[in-house]
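Reader: I should like to learn how aromatic rings and helices are arranged in a protein model. May we go through the structure step by step?

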Amino acid sequence: MGELKPPRTIIIIQARLNSTRLPGKVLLDIAGNTLLGRVVHRAARAGRVDQVVVATTTNPQDDAIIMECVRLGVPCLRGEELDVLARYRSAATASNAAAIVRITADCPFIDPQIIDNVVAEFHAHDVDYASNTQIRCWPRGLDVEIFTRAALERAWEEAHASWERVHVTPYIYQHPEIFRIHAVVAEEDYSHLRWTVDTAEDLALTRTLYQHLNGRDDFNWREALAVVERIPELAEINRQVRQKSLAEG
């Protein structure tokens with residue numbers, strides 16, 4: 001028999017077309033599949049989760065995301081556009097989730113092994129929230145957060161700042177006096193690398209890396225790292241991109 005999973009651990013991938021720096025990015029082509037498709041396929045390989053769902057908005061523009069999710073065969077739920085915290089709560093309720101893994105649709109290198117590692121540590125330490133973002137070690141874009149349904153509910157009730165609601169989890173991890181927090185840390189630091197898609201430069205790097213990986217999406221993050229280490233100029237493509245602050249949305 002396989003290892004028993006805790007009750008209803010759900011990956012919720014947030015996606016919308018009206019992104020500010022690169023509009024429509026989640027449906028852009030990455031070596032023959034959409035950016036959203038890459039994220040969904042890679043996240044679905046995680047073994048410690050029960051289901052992957054996409055949470056998009058009620059904006060009619062995002063009807064295209066619904067259609068893409070039909071093509072991908074993944075459930076898609078709709079909620080508020082700017083209050084992403086409320087959107088997550090709605091999706092978690094509809095999915096009967098006991099624990100929620102948060103992933104964004106602009107991370108085409110998300111790694112199922114890292115997802116499984118963060119989920120395992122979350123349950124092993126019996127915490128309300130765990131992530132590999134509190135102490136950054138992996139390339140940006142391999143971000144995984146997991147939190148309890150109870151923590152999500154409390155954040156939904158008590159978080160009031162706009163940046164707390166658009167980013168979903170700040171109210172949780174910025175209140176360690178309320179929530180039990182666990183940081184998942186790697187042995188090496190690759191946080192200087194940027195593997196998310198927020199700008200045209202990020203998109204160029206992603207497409208180039210996927211070409212070097214023969215258009216596959218079953219690679220692990222160390223295979224991508226090996227390409228960057230073999231061709232170090234690739235990391236220069238988006239080195240100057242500045243990550244937006246929480247307050248910038």
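Reader: Is Phe109 buried or exposed in this model?
Author: The model is a predicted one. Phe109 has a relative accessibility of 1%. A residue under 20% relative accessible area belongs to the inner class, so Phe109 counts as buried.

Reader: Which kind of aromatic pair do Phe109 and Tyr210 form?
Author: The two ring centres are 5.4 Å apart, and the planes meet at 45°. An angle under 30 degrees would count as stacked and one over 60 as edge-to-face. The pair of Phe109 and Tyr210 is therefore neither of these, and its class is tilted.

Reader: How many residues apart in sequence are the parts that this pair ties together?
Author: Phe109 is found in the loop between strand S6 (99–104) and helix H4 (112–125). Tyr210, which is buried with a relative accessible area of 0%, belongs to helix H8 (residues 200–212). The pair therefore joins parts whose separation in sequence, in residues, is 101.

Reader: Which class of pair do the rings of Tyr190 and Trp221 form?
Author: Their centres lie 5.7 Å apart, and the angle between their planes is 70°. Planes over 60 degrees apart decide the class, so the pair of Tyr190 and Trp221 is edge-to-face.

Reader: Where do Tyr190 and Trp221 lie?
Author: Both are buried: Tyr190 has 12% relative accessibility, and Trp221 has a relative accessible area of 8%. Tyr190 is in the loop between strand S9 (181–183) and H8, whereas Trp221 is in helix H9 (residues 221–230).

Reader: Which residue lies over the face of Phe219?
Author: Ring pairs join Phe219 to a cluster with Phe109, Trp195 and Tyr210. At 4.1 Å from the ring centre of Phe219, over its face, lies Arg42.

Reader: At what angle do helix H3 and helix H5 pack?
Author: Helix H3 covers residues 84–95 and helix H5 residues 149–158, and their axes are 10 Å apart. Their crossing is left-handed. The packing angle is about 140°.

Reader: How many nonpolar residues does the contact of H3 with H5 have?
Author: Among the contact residues are Leu85 and Arg89 of H3, and Leu152 and Trp156 of H5. By class, the contact includes one polar and three charged residues, and the number of nonpolar residues is seven.

Reader: Over the ring of which residue does the charged end of Arg89 sit?
Author: Arg89 belongs to the H3 side of the helix contact. Its charged end is 3.6 Å from the centre of the ring below, which is that of Trp156.

Key. Residues are numbered from 1 along each chain as its sequence is written. This is a predicted model: local features need pLDDT of at least 70, side-chain atom pairs count only at pLDDT 80 or more; totals for chains, interfaces and linings use all residues. Side-chain values use heavy atoms; hydrogens and water are left out. Axes are lines fitted to C-alpha atoms, for helices over the stretch in contact, and angles run from 0 to 180 degrees between N-to-C directions. Helices (H or I, at least four residues) and strands (E, at least two) are DSSP runs, numbered from the N terminus. A crossing is left-handed if the near helix is turned anticlockwise from the far one by less than a right angle, and right-handed if clockwise. Contact means heavy atoms within 4.5 Å. Ala, Val, Leu, Ile, Met, Phe, Trp, Tyr, Cys and Pro count as nonpolar, Asp, Glu, Lys and Arg as charged, and the others, Gly among them, as polar. Rings of Phe, Tyr and Trp (its six-membered ring) pair if their centres lie within 6.5 Å; planes under 30 degrees apart count as stacked, over 60 as edge-to-face and the rest as tilted. Buried means under 20% relative accessible area, exposed over 50%, partly exposed in between (1.4 Å probe, protein chains only). A charge sits over a ring if NZ of Lys or CZ of Arg is within 6 Å of the ring centre and within 35 degrees of the ring normal.
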